[in-house]
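Subject: Structure handover

Hello,

Here is the structure I promised to pass on. Please open it and keep it in view while you read the notes below.

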Amino acid sequence: MNGSDDSGAVPRASNMCDSPDYGALPSSTAMQQLLLTVVMVTGFVCTKTLFDNIRRRQARVTVVVIGAGPIGLTAVLVAARSRRVGKIILFEEMFRKVLLNRQHQIAFDHKSIPFLKKIGVDFDNIEGCWEGDCFYTRVGIFQEYLLDVIQRIRTPKEIRLGTKFTREHTKEIEYIPGRKLVIVCDGANGQAVRTMGLSDEFVQHTCKAYAAVAAVDRPEQHNVPMPERRVHNLHFDLTAYGTDTSECDGLTGFSLKIFGSSKSRYMTLIVPKCESPLVKTLRVVLDRSMMRNIFMKCFNTYKSTSEHSLSDSFALKLMKFSPRLFEIKLSQRLETVAYFEDSDTFVVAEGDAARCYNFHTGLDVNIGIKGIMTLPNFLSMVPTAMTEHSIMKAMMYKSRQADQVCKDFVKNGLRDYMFSKH
Ligand SMILES: Cc1cc2nc3c(=O)[nH]c(=O)nc-3n(C[C@H](O)[C@H](O)[C@H](O)COP(=O)(O)OP(=O)(O)OC[C@H]3O[C@@H](n4cnc5c(N)ncnc54)[C@H](O)[C@@H]3O)c2cc1C
């Protein structure tokens, strides 16, 4: 019994081990299949990741810049510093000589200067003046410097001066293989942004200040940069013009800036938006002699000692000025970035093409440079953006940054630059 009990027990035990293979067999096949699938999926994912990484590492973009103003040339320099850029093409409708003959000032503030130094701008080799921590030069001088630097860059490039970008060139861009980034810097009156398919809608912001400008041209003088003069809290007595300005006591007055070269002298008068009798009179009354007198007296009182005073007859003949105060406004282009899938092209507007003031002279800050400071990051996103999500992400980044430049300027710009006593 014991034996039979034992023998009965053993086979049962052995049966339990051998026979239920019917249940184990399918599960091990499933395991094998599962394993195979996992191996295949892992292999696929690894190969894809490797392939994507190689593709991403090798991804290059052709950069087309329209306009060789200070912002367009800075954009070329930014593109040349990027490992992601395979080729740069620059279109400029003016020929070199005319392009470099632009006389007005351009200002770089303490935030723009480190950025420009980082991309290779050597301020020690640019003729201009330092005033506090800002650098001022003539636009033509800055452009000439950048053009010379650009000639020496190693990235393959085509510099097409004297070539106006037209609709015909958009076809040329379409035929370039691979991804393209078109940076439109054709200035405040350019048409290329529209040609490239961006909307022409603008929104205007008030900068909460009134201003007037004047320019004195002395053709007999050489174009030597002169130190800037700056005075704050000025009030003018307009009783001779029938306005009681005694109420102005204690109110914030005008800031005056005299700048430019010995040949072209400029003056800027600026005051925070308010409705004092003085400001109201200068805004509403169109009396050219009143404004001429104000500018002439300002110049003669605050000019540098080595300069000649302005005479009545000179001012009458050769001084150009705003006949009354106007409100400073910033125009912001609403659409500054787009992506066109059929031609695999990003388009972005920069500089005055993206935002500009109704007032240029002597604002002490060039917000075009501020806009372009986000270009290096955008350039690193553009070549590798392969999915709809990453393309949107790159566009959102650029658009948000462009918006921020305007918001910051409207909020702090004039207070930080024009009214500060640096
Ligand atoms: C009178 C005046 C005084 C100023 N004073 C100051 C100042 O004191 N401080 C300061 O910071 N800024 C000042 N500015 C502003 C400053 O000059 C501009 O902000 C700056 O020039 C803008 O640069 P940009 O490259 O965007 O455009 P722009 O300098 O206008 O350059 C645009 C370029 O695009 C080219 N272009 C246009 N259309 C085409 C096309 N279809 N194809 C090819 N090329 C094209 C034009 O020929 C031009 O060279 C002043 C401007 C003026 C007019």
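Start with strand β3. It gives the most to the lining of the largest pocket, with three residues. Keep in mind that this is a predicted model.

First, the pocket. The largest pocket holds about 1000 Å³ of space. It is lined by 46 residues. Closest to its centre are P70, R102, G187, A188 and D352. Several elements give two or more residues to this lining. The helices are α3 (70-81), α8 (192-195) and α12 (367-372). The strands are β2 (85-92), β3 (105-108) and β16 (355-357).

What is the lining made of: how many nonpolar, polar and charged residues? The split is 21 nonpolar, 17 polar and eight charged.

Next, the sheet. β3 turns up here too, in an open sheet of three strands. The order is β3-β5-β4, and the pairing is antiparallel. Which strands sit at the edges? They are β3 and β4 (129-131), and each pairs on one side only. Neighbouring strands in this sheet are turned by 25° against each other on average, direction ignored.

Now look at β4 and β5 together. β5 covers residues 134-138, and three bridges join it to β4. The two strands run antiparallel. Find E131, then look for its bridge partner in β5: that is C134.

Last, a helix. α6 spans residues 139-151 and lies across β3 and β5. Against β5, α6 runs at about 90°.

Best wishes

Note on methods: Residues are numbered from 1 along each chain as its sequence is written. This is a predicted model: local features need pLDDT of at least 70, side-chain atom pairs count only at pLDDT 80 or more; totals for chains, interfaces and linings use all residues. Side-chain values use heavy atoms; hydrogens and water are left out. On a 1 Å grid over the protein atoms alone, a cavity is a set of points where a 1.4 Å probe fits but cannot get out, and a pocket is an open set with protein on both sides within 12 Å along at least five of seven lines; lining residues have an atom within 4 Å of a point. Grid points are joined across faces, edges and corners, and a volume is the space filled by probe spheres set on the points. Helices (H or I, at least four residues) and strands (E, at least two) are DSSP runs, numbered from the N terminus. Ala, Val, Leu, Ile, Met, Phe, Trp, Tyr, Cys and Pro count as nonpolar, Asp, Glu, Lys and Arg as charged, and the others, Gly among them, as polar. Two strands pair if DSSP finds at least two bridges between them. Axes are lines fitted to C-alpha atoms, for helices over the stretch in contact, and angles run from 0 to 180 degrees between N-to-C directions. Contact means heavy atoms within 4.5 Å.
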